[in-house]
Amino acid sequence: MEREIRTTQDGSKTLYIKDLNENYHSHHGALQEANHVFIKNGLNLVNYYEINILELGFGTGLNALVTINDFLKNDKNHVINYFTVEKYPVNIEEVSELDYGSSFEHPEIKDFYEKLHQCPWNEKTEILSGFFFTKFQCDFFDIENLTLPKINLVYYDCFGARVQPDLWEDKIFKIVSDTMENEGLITTYSSKGSVRRILKDLNFEVEKKAGPPGKREMMIATKRSHEY
């Protein structure tokens, strides 16, 4: 897929796929969106010493990077095991041009960002003390064949239903649900009605949240062990 670098309204960059007419992030602000959807309405709502995160999909690595940034802000008082899936990895030239390291104050963020992309696939890597990272190059539907611990938090960051409708249907959400611990949380930029209904049918408690800049709503969903 042919991609080009574009600058979003908060100054951070994203990738644009010409064939799909689709951005990897909101043009209103890639960094703002990642922090709002996956940190404020995701990681900051999960209160465990050891947190297992599953991300669909890795893409530019921005979601992993904002997670590391938040981890550093919290003085590394917990352990994160971060698992991510990506079928079409970005290349090292794109990583360099995206230049996400310059968007953060911590001096080592740039090194961590490069390490996320340079570390081997399918192998657990300690990016920094207490932050363990494993990336899998495979289709999202292959998650059911991966060996994962029970997941506490899912970053559901697939391309939109306009271009990849099968990633917003019941089959994939059932696969994701089966990876999750009871009381595990899914957070996504989507507020699609059909997705809310699918998640409710899978025994999730769904909550609408204010969306990131440029989007009215998003949603989070908590997996319940019984009917609520």
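## Exercises on exposure, salt bridges and a helix

Glu2 has a relative accessible area of 48% and therefore counts as partly exposed. This value, like every other one below, comes from a predicted model.

**Exercise 1.** Find which side chain meets that of Glu2 in a salt bridge, and state where the two partners lie in the chain.

*Solution.* Begin with the pairing itself: the side chains of Lys18 and Glu2 form a salt bridge, with 3.3 Å from N to O. Next, place the partners: Lys18 is in the loop between β2 (13-17) and β3 (22-23), while Glu2 is in the segment before β1 (3-7), so that the pair, 16 residues apart, links distant parts of the chain. Finally, consider the exposure of Lys18: a relative accessible area of 39% lies between the limits of 20% and 50%, and Lys18 is therefore partly exposed.

**Exercise 2.** Describe the salt bridge between Lys87 and Asp139, and decide whether each partner is buried, partly exposed or exposed.

*Solution.* The first step is the distance, which is 3.4 Å from N to O between the two side chains. The second step is the location: Lys87 belongs to the loop between β5 (79-85) and α3 (92-98), and Asp139 to the loop between β7 (131-136) and β8 (151-156), so this pair, too, links distant parts of the chain, 52 residues apart. For the third step, Lys87 has 39% relative accessibility and is partly exposed, and Asp139, at 25%, is partly exposed as well.

**Exercise 3.** Work out what surrounds Glu207, starting from the strand that holds this residue.

*Solution.* Glu207 lies in strand β10 (residues 204-210). Its C-alpha atom is 5.6 Å from that of Met219, although the two residues are 12 apart in sequence. The side chain of Glu207 also meets that of Lys209 in a salt bridge, at 3.4 Å from N to O. Of these two partners, Lys209 is partly exposed at 24% relative accessibility, and Glu207 is partly exposed at 39%. Elsewhere, salt bridges with shared partners join Glu2, Glu4, Arg6 and Lys18 into one network.

**Exercise 4.** Check the length of helix α2 (residues 62-73) against the expected span, and decide whether the helix is largely enclosed or largely open.

*Solution.* At 1.5 Å a residue, the 12 residues of α2 should span 16 Å, and the end C-alpha atoms are 17 Å apart, which agrees. Turning to burial, 11 of the 12 residues are buried, so the helix is largely enclosed by the rest of the structure. The buried residues include Leu62, Ala64, Ile68 and Phe71.

Terms used. Residues are numbered from 1 along each chain as its sequence is written. This is a predicted model: local features need pLDDT of at least 70, side-chain atom pairs count only at pLDDT 80 or more; totals for chains, interfaces and linings use all residues. Side-chain values use heavy atoms; hydrogens and water are left out. Helices (H or I, at least four residues) and strands (E, at least two) are DSSP runs, numbered from the N terminus. The expected span of a helix is 1.5 Å times one less than its number of residues. Buried means under 20% relative accessible area, exposed over 50%, partly exposed in between (1.4 Å probe, protein chains only). A salt bridge is a side-chain nitrogen of Lys or Arg within 4 Å of a carboxyl oxygen of Asp or Glu.
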